[in-house]
Each structure stands twice: as structure tokens, then as C-alpha cells.
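Colleague: I'm new to this one, so could you walk me through it? I'll ask, you answer.

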2 protein chains.
Amino acid sequence: MEDPCLWTHRNTVSAAGLRIVPLPVDDDGARTAELAATGAGAVVLAPAHQFPLGSLLTPERRTEAIAWARATGGLVVEDDYDAELRYDRQPIGALQARDPQHVAYAGTTSKTLAPGLRLGWLVLPPDLVEPVLALREGAHVSAPEQIAFAELLVSGAFERHIRRMRTRYRRRRDQLLEMLATRVPAVRPVGISAGLRVLIELPENGPSAEELAERARALSIELFPVDRCYLKGHGAREGLVVGYAALPEHAFESGLAALGDLLAGAR
Amino acid sequence: MEDPCLWTHRNTVSAAGLRIVPLPVDDDGARTAELAATGAGAVVLAPAHQFPLGSLLTPERRTEAIAWARATGGLVVEDDYDAELRYDRQPIGALQARDPQHVAYAGTTSKTLAPGLRLGWLVLPPDLVEPVLALREGAHVSAPEQIAFAELLVSGAFERHIRRMRTRYRRRRDQLLEMLATRVPAVRPVGISAGLRVLIELPENGPSAEELAERARALSIELFPVDRCYLKGHGAREGLVVGYAALPEHAFESGLAALGDLLAGAR
């Protein structure tokens, strides 16, 4: 598993009785060159937008991941949960398209429509289709929502929605970055080219991420320290993950100002 | 587990690594007096309408089940999947209401609205709430459908829908029973007081349930032999389970006639 990564994914893998080997992530994505040395049989990657660092897996590392899978018979699980929401770059194809035999692709409407829909899909290597179907007995996605989503796709309404939201989220991201540059230039925003959140790396001479998250909570602002996403003892960065999608439009500017007060006041 | 029972439930329990002890079922429901001798720590019951026999668990046996749970600390899992659809009798309270500490209740809209909704709920003994929440991480029910269902409940529309469907399904059931009495009096319909299906017990001198199900399949009629619901070697009855809910209204009479032809011609 990428380290850091979404802790619920790590919990799921642990609960299945598998042993987790951490794969470090930097600003170019997971360090796929280190895959071979892990001895792992499978790797979970978020190539389009790593959580929580926001890195985009570089073309070289994509090639490395595929080469590893082919050489070892390993499986790449591609978590593509917010690839549609990119701002400053051209769309990048899924890793799955590069090697459908070795990559299991997972998509969702969690970020593009709503998490509460519980709509997701897998594109599996052919020999995994039957085993996965056997495991999911009873765990189906609501039929009315599948039908509604199909209609959104076929009619083009989904694509129009994505374009509209991309504009809106880009504007929010730009406002957040501008506020940070103006009011707290000592922090470093990371992983900003896609998705609905930014990792704010903190300077060494200020309060810790945990302290800031606690002060934020008292103001009804939810921030989470990025070290929660790391396996213990693996050199976590000191930073806060800030989501900018959930606030209603009318509350965004005042929310941004409150965040600015918090971070600027803390220095 | 009740024997016979829904095979998917048995598969779920087996897949969890538990050992299954069969509890025989007769026309009065599961033989709860035999619970103590099983040494089981939990039992899955469908008191309102046993699948596939359709029995209603008698008051005496309900009391026995509760007494067993209290004496042994055992858990009763109450599958109440179609209790709303009863025809010839007064509503019977859930077993769960008799002893909320020892009964885990499971309900669903699968039969009252549609299986494709994937809406269900549990009412758990207090000490099971946290462990179950921990296990279901990520496995949520769609929020829009929860909201829509809440509106159906609060507005009274759900209760009106149930009353309307009860009338419609009772009519279908009566037509099915009348057809059977007229055209194939040698069969015995069982479990007819509730739900959306009837078990048709076959006479000894005719073709087997498997033979009839195969002939039916050639006519696009899906019937299933009840022995599929029994653990192997446990004295299965010879019969066919016939659902009468799924056919559209305009096709019901012709479907019924085709079933009559099949069963009458086979004698």
C-alpha cells in the first residue's frame, strides 16, 4: 500500500488478513521502483491523484508499475476516485488501459456526484471477474441509481456536470491558494492540480498539525493532520489536509477567512 | 440455521467460518424445542414466514426460542423479510419486541418495494451495535433512497402501498390456489398465509420436482425444487416453490394457465 494512504483502505486490506508493506510516496507519486524489493503480490495505487499527497504518478513510474506487474504476475489495484476533477493539466489515461490483464480499476461517483449515492464500479482482469462476483453476493448497488446514472452518462448531462463543477472547484482552489500566499506564505500547498483538497505543509517553527486541527475544531473547521495517513514510524510530513468542496457557496468566503485567521494567527 | 432455509443465508454463515447445525422446520415453524440440544450460540429464524416452507412460528415456539436465548446467552437473528404481506391473519409482533437484548432483527424493503433498492435495517441488542458498525465500514445504504423511504413512511404512503399490494397479492394467491384445486387437486399448497410464494408439495406417484422444474424452464417458467433449500441428506420434502408476485398484471392469468397445463399434463 502507498504510504501515506487512505486509512480505511489500509483497514480493509488488514481485515482481509493480508500483510501490508508500505510503499513510499513523493511528489511524483508512489516510488514504483521500490515495488520489486517489497515482494508484494499486489499494490494499491492512486495514479491520478494520490491521497493524501495529491501527487500525479509520472509516466516513468506508470511504466515501472506495469513492468513490475508483468514480471511478477502481480496485481495493480487502481483507485481512480477523483480523476475527473483536474484543473491545470490534460486528462491522463487510466493505468488499467495500459494493461487490462494486470490492473483492477475502481471508479466511483463519490466525488463527482455525491458520496451518499454509494455508486462505484470495477474493471477487472478477466480471471478475477468470477471470483469477485462470487464474493459480492448480496452486496449490490441500488438499481434505480444505476439507471439514473446511466441516463446521466448517455444524455451527456454527466459530462456537462463535470465541466461545470471543474470550473467551480478550480475557482475555489485558486481562492484558497491566493489566501494562503497572501496571509500565510510560510506554508507550502501540495497536490493542487486535481481533486477537492489541498495538503498544506507547515513550517517547522510553528504549531503542529495536531494543535492546529484542535484549534480549528473549536471553530467548527474540520482539518486533518496528514500524519494520520502514514503507517507509524514512517517519516510522516507535518501538514494539514484541507477539503474545499463541501462548504455551500454562500459560506465559502467566510470559511476561507476563518481558516486564514487560524493559520495566520498561529504563526 | 433452519433446515430448509435460504441457501444464500447458509452460504453467508459458512463463509464467516461458523459451523452450521440444522434445526428442522415443520408446518409450525422451526422446532425450537430442539435448540438446546444443538449447542449453538446463535440461531437464524424467520418467525413471520419461514422460507421456503411458509410456516408461521407458533406462540409456544416463540416462547421457547426466547427462553433458550435467555438460558444460554444465545442470539436469535430474526429475518423478517416479508412479514408485512400477510393475508388471512392478524399481524404478529416481531420476536425482537419480546426480548431486545437477545434478538437481532433484520428488515428489508426487498419484498414491499423492490429488491433492487438495496434498503434494509437492523435492530440490534445494545452490545452488538458498535461491533456491527465497525464491520460495515463503507457498506452503506444510498442516502437518497433512505431519504425517499423516510418520506414514504412519514407521509403514510408506505402503509397505503402495503394495503394496496396486500389486496393485489391476496387476489393472485387465491387465483393460484383455485387453479391448483381445480386442475391438480393431488398437490398440496403450503405456507399460503403470507408472502409472495407458495410451496406446492407433489404427490408421490408423479414426476419429481427437478423434472417439473426442467420442463417449466423450457416454457420460460421459473420454479424451484424445495430440496435445494435443505442440507444434503436431511429428509427434504418433494415440492416446488412458486412465486406469484413478479409477473406483470397483464401476464398473470396466462402464466397461471401455463403452470396449470404443466402440472396437470404431468400427472
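Modeller: One term before we start: buried means under 20% relative accessible area, exposed over 50%, and partly exposed in between (1.4 Å probe, protein chains only). This is a predicted model, where local features need pLDDT of at least 70, side-chain atom pairs count only at pLDDT 80 or more, and totals for chains, interfaces and linings use all residues. Residues are numbered from 1 along each chain as its sequence is written, chains are lettered from A and ligands numbered from 1 in the order in which they are written, and side-chain values use heavy atoms, with hydrogens and water left out.

Colleague: Is R168(B) buried, partly exposed or exposed?

Modeller: R168(B) sits in helix α7 of chain B, residues 157-183. Helices here are DSSP runs of H or I with at least four residues, strands are E runs of at least two, and both are numbered from the N terminus. The relative accessible area of R168(B) is 34%, so this residue counts as partly exposed.

Colleague: How far apart are the C-alpha atoms of R168(B) and Y105(B)?

Modeller: Along the chain, R168(B) and Y105(B) are 63 residues apart. In space, their C-alpha atoms are separated by 27 Å.

Colleague: Over in chain A, how accessible is R168(A)?

Modeller: R168(A) belongs to helix α7 of chain A, residues 157-183. R168(A) counts as partly exposed because its relative accessibility is 35%.

Colleague: Which strands sit at the edges of the open four-stranded sheet in chain A?

Modeller: Strands pair if DSSP finds at least two bridges between them. The order in this sheet is β8-β9-β11-β10, with antiparallel pairing. Pairing on one side only marks the edge strands, β8 (188-190) and β10 (224-225) of chain A.

Colleague: How many bridges join β9(A) to β11(A)?

Modeller: β11(A) covers residues 239-243 and also pairs with β10(A), antiparallel, over two bridges. On the other pairing, E201(A) stands opposite G239(A). Strand β9(A), residues 197-201, runs antiparallel to β11(A), and the number of bridges joining them is five.

Colleague: How many of the five residues of β11(A) are buried?

Modeller: One of its residues, L240(A), is the bridge partner of P225(A). The strand is mostly covered, and the number of buried residues is four.

Colleague: In the open three-stranded sheet of chain B, which residue is the bridge partner of V25(B)?

Modeller: The sheet has the order β1-β2-β3 with mixed pairing, and its edge strands are β1 (2-3) and β3 (29-30). Strand β2(B), residues 23-26, pairs antiparallel with β3(B) over two bridges. Within β3(B), the partner of V25(B) is A30(B).

Colleague: How many salt bridges are there over all chains?

Modeller: A salt bridge is a side-chain nitrogen of Lys or Arg within 4 Å of a carboxyl oxygen of Asp or Glu. D3(B) and R10(B) form one, with their closest N and O atoms 3.4 Å apart, and both residues are buried. Searching the whole structure gives a total of 32.

Colleague: What is the N to O distance in the salt bridge of D261(A) and R183(A)?

Modeller: D261(A) is partly exposed at 47% relative accessibility, and R183(A) is partly exposed at 34%. Their side chains meet with an N to O distance of 2.9 Å.

Colleague: How far apart in sequence are the parts that this pair ties together?

Modeller: D261(A) lies in helix α9 of chain A (residues 249-265) and R183(A) in helix α7 of chain A, so the pair ties together parts separated in sequence by 78 residues.
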